[in-house]
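Visitor: Could you take me through one part of this model up close? I'd like to start with any enclosed empty space and then see what is built around the rest.

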Amino acid sequence: AQAQAPQAAAAQAAAKSEPHVAETKGHRFGLESADGQYSIYLTGRLHFDMGDYLDYHKNSKATTPSDLTSGVNARRARIGVVGTFAGDWDYGLIADFGGSTDVGGPSYIENAYVTYNGFKKAGTPLAFDLGYIDTPFTLDEATSSNDIMFMERSSAQVIATEFGAGDNRSAFGLRSNNDRYWFGLYGTGPTSGATHTTGEPYAVFGRFTYQLLQGPDYSLHLGVNALQMLKAAGPTNDLTLSDRPELRIDPTSLLSTGALSNVSGGGVYGVEAAAGFQSLYLQGEYFHYVLNREGLSSNTFNGGYVEGSWTLTGEHRKYNPSTGAYSGITPDHPFALSGAGFGAFELAVRYSEIDLDDAVGGANAVGGGRQSVYTLGLNWYPNANMRFMLDYLHGTVHRSPAGTDLGANFDAIAARTQIAF
């Protein structure tokens, strides 16, 4: 035994000096160097959706669309790697093979970025991001798609990002945070897959949030955000504000301004609030949109949403200081056939509204439409890496070019199977 002891100690020392397999709290596996300064982790998510438009009635004066199509959609199908170089540099390379037409062009790039965190290691809470990233503009956009309360974000929030933010957007910026505040300032360019030979869009935005109240079972969050569009896309500076009815089964956008040319600028100005108390959670945002076109007076629009949830099994959404937003639900008792647990169940409700009509009948008329949607949701979290979602939507859309109502109303039900790591 005495002879073998030095050999065992030497073997342990050698093992500590070699790379090793590591696992995060979210069960993401990867390789790390012995000193932890270098790492590479596998990451991915699958959001597989199924939906049916139970009822669709267009106004008698409306001609299109005659109906909305039900079906299935791999909304997100992402795979990639994230990790660290030399301790101070984080990176991510993530591809999205999902079937949603939200990802434009032939590019599959969702994220391709590098982040410098050296100042944080030195005691200054400051980080720099560069590349194709999910820009953290608005509270709902800063919340991971794995954690949002419903299958889709509200149309009001989607329209806000169309001014120059959103997913797979080229961007450079800085952010800073501690346990209570979050601040970010970014400049953005075109999305991955966009045509760069016909004029590239540019914008800048900032977001500031603060936790007024914070405790183990309660929180109160307030924030403001602003985006200024410096240039629209294309040779004639085109911009289209549109969204599908908060569901991604049919590609039809009932809410749409059409292509607006000669856009000289514009902006989005928003406020956000969220509050949690034990298993109850509330969140809402309001946006004011301004659009400028050469030779015409400005157009203004408004939109927003309010949503809330109750976790029947007692868990609650926790604040994430690194994003200035809230995480999803992690079940205290994961589901198991042995009866050890049933996972977590969450009931959710949302009302959203947006008005893209302005100056109808005037020289600078925009008839994008007015939309309101009520959504009721039930989410089941069997474990930390899976979620099953069921949403029911009732919506109304009015489109009024030249003062004529070309609207419709609909009822839909949709479900999602989610796996993420």
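Guide: The largest cavity comes to about 50 Å³, and keep in mind that this is a predicted model. Searching the whole structure turns up one cavity of 30 Å³ or more. Its lining is made by D140, T143, D147, I148, M149, Y281, Q283, E307, R317 and Y326. Sort those lining residues by type and you get four nonpolar, two polar and four charged.

Two of the lining residues, Y281 and Q283, have numbers that fall in strand 15 (280-293), and that strand takes us on to the nonpolar packing. The largest nonpolar core has 27 residues, and F163, L227, V268, Y289 and L291 are the ones with the most contacts inside it. At least two residues of this core come from each of helix 4 (155-161), strand 10 (202-214), strand 11 (218-231), strand 14 (263-277), strand 15 (280-293) and strand 19 (344-358). In soluble globular proteins, nonpolar side chains tend to be buried together.

Let's zoom in on L291. Setting aside neighbours within four places in sequence, L291 is in contact with F163, M229, L239, L260 and V263, and also with G265, G266, S298, N299 and F301. Apart from the largest core there is another one, of 15 residues, with L68, M151, L254 and F410 among them.

Strand 19, one of the suppliers of the largest core, also leads into some strand pairing. It runs antiparallel to strand 20 (residues 366-383), with 14 bridges between the two. Strand 20 is in turn joined to strand 21 (residues 386-398) by twelve bridges, again antiparallel, and those two strands form a hairpin with two residues between them. You can follow a single residue across: S372 in strand 20 is the bridge partner of E353, and S372 also stands opposite T396 in strand 21.

Last, have a look at the backbone in two loops. Most residues other than glycine have a negative phi. E246, in the loop between strand 12 (242-243) and strand 13 (255-256), has a positive phi near 55°. N262, in the loop between strand 13 and strand 14, also has a positive phi, near 55°. As for their surroundings, E246 has a relative accessible area of 3%, so it counts as buried, whereas N262, at 38% relative accessibility, counts as partly exposed.

How values were computed: Residues numbered from 1 in each chain as written. Predicted model: local features only at pLDDT ≥ 70, side-chain atom pairs only at ≥ 80, totals over all residues. Heavy atoms only, no water. Core = buried A, V, L, I, M, F, W, Y, C linked by side-chain atoms within 4.5 Å. Buried < 20%, exposed > 50% of the residue type's maximum accessible area, 1.4 Å probe, protein only. Helix = DSSP H or I, 4+ residues; strand = E, 2+ residues; numbered from the N terminus. Contact = heavy atoms within 4.5 Å. Pairing = 2+ DSSP bridges. 1 Å grid on protein atoms, 1.4 Å probe; cavity = no way out; pocket = protein on both sides within 12 Å on 5 of 7 lines; lining within 4 Å. Points joined across faces, edges and corners; volume = space filled by probe spheres on them. Nonpolar A, V, L, I, M, F, W, Y, C, P; charged D, E, K, R; others polar.
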